[in-house]
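Please look at the sequence and the fold side by side, and keep both in view while reading. The paragraphs below begin with one pair of charged residues and then widen to the whole chain.

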Amino acid sequence: MDSVIDARHVSEPGLVVLDITAADEETALALMDELQQLWATSGITEIRRDPAQPGVRARVHADIRRTNPGNEASLPQAGEEQTATADQ
């Protein structure tokens, strides 16, 4: 991925940025869906195709300290505030 990872996305233990490369869009979407079932994530993000590169790419931000069993909430996007929940 060409974009720079912002320091706030990895400012604490448990925060991760995952760069996904998959053979096709369906596989990338399935993986992002499974990740958001496990943890608080940025959700299903944009999928890109880079010329001269195999497969498709996506980037997901996740907080692996917070489980997301009911798919209740995603991580705040740029400009949004994070609110505390009972399981934090």
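Arginine 57 and aspartate 50 are both buried, where buried means a relative accessible area under 20%, exposed means over 50%, and partly exposed lies in between (1.4 Å probe, protein chains only). The two residues form a salt bridge, with their closest N and O atoms 3.7 Å apart; the term stands for a side-chain nitrogen of Lys or Arg within 4 Å of a carboxyl oxygen of Asp or Glu. Arginine 57 counts as buried because its relative accessibility is 12%, and this residue is found in strand β3. The C-alpha atom of arginine 57 is separated by 9.9 Å from that of threonine 45, a residue 12 positions away along the chain.

Before going further, it helps to know what kind of model this is. The model is predicted, and local features need a pLDDT of at least 70, side-chain atom pairs count only at pLDDT 80 or more, and totals for chains, interfaces and linings use all residues. Residues are numbered from 1 along each chain as its sequence is written, and side-chain values use heavy atoms, with hydrogens and water left out.

With this in mind, the overall plan can be followed from one end to the other. The protein chain holds 1 helix and 3 strands, and from the N terminus on its elements run β-α-β-β. Helices (H or I, at least four residues) and strands (E, at least two) are DSSP runs, numbered from the N terminus.

How are the 3 strands ordered in the sheet? They form an open sheet in the order β1-β3-β2, with antiparallel pairing; two strands are said to pair if DSSP finds at least two bridges between them. The edge strands are β1 (15–22) and β2 (39–41), each of which pairs on one side only. Neighbouring strands of this sheet are turned by 40 degrees against each other on average, direction ignored, the axes being lines fitted to C-alpha atoms (for helices over the stretch in contact) and angles running from 0 to 180 degrees between N-to-C directions.

The two pairings can then be taken in turn. Strand β1 pairs with β3 (residues 56–67) in the antiparallel sense over 8 bridges, and within this pairing leucine 18 stands opposite valine 60, while aspartate 19 has arginine 59 as its bridge partner in β3. Strands β2 and β3 also pair in the antiparallel sense, over 3 bridges, and here alanine 40 stands opposite aspartate 63 of β3. Strand β3 is mostly covered, with 9 of its 12 residues buried.

What lies in the interior? The largest nonpolar core has 9 residues, namely Ile20, Ala22, Ala28, Met32, Leu35, Ile47, Val56, Ala58 and Val60; such a core is a set of buried Ala, Val, Leu, Ile, Met, Phe, Trp, Tyr and Cys residues joined through side-chain atoms within 4.5 Å. The elements that give two or more residues to this core are β1, α1 (25–38) and β3. Leucine 35, one of the core residues, is in contact (heavy atoms within 4.5 Å) with Leu18, Ile20 and Thr41, if its neighbours within four places in sequence are left aside.

The charged residues deserve a second visit, for the count comes to 5 salt bridges. Aspartate 50 also meets arginine 48 in a salt bridge, at 2.9 Å from N to O, and arginine 48 is partly exposed because its relative accessible area is 23%. In another salt bridge the side chains of arginine 65 and aspartate 63 meet at 2.8 Å, N to O. Aspartate 63 has a relative accessibility of 2% and therefore counts as buried, whereas arginine 65, at 44%, counts as partly exposed. Salt bridges that share partners join Glu12, Asp63 and Arg65 into one network.

One residue in a loop is also worth finding. Alanine 52 lies in the loop between β2 and β3, and its phi is near 70 degrees, a positive value in a residue other than glycine. Is alanine 52 buried or exposed? Its relative accessibility is 84%, so alanine 52 counts as exposed.

Finally, the chain can be viewed as a whole. Buried residues make up 32% of its 88 residues, and the chain exposes about 5800 Å², of which carbon and sulfur atoms supply 52%; accessible areas come from the Shrake-Rupley method with a 1.4 Å probe, and for residues only the protein chains shown count as cover. Among the contacts with a separation of 6 or more, 54% are accounted for by residues 24 or more positions apart.
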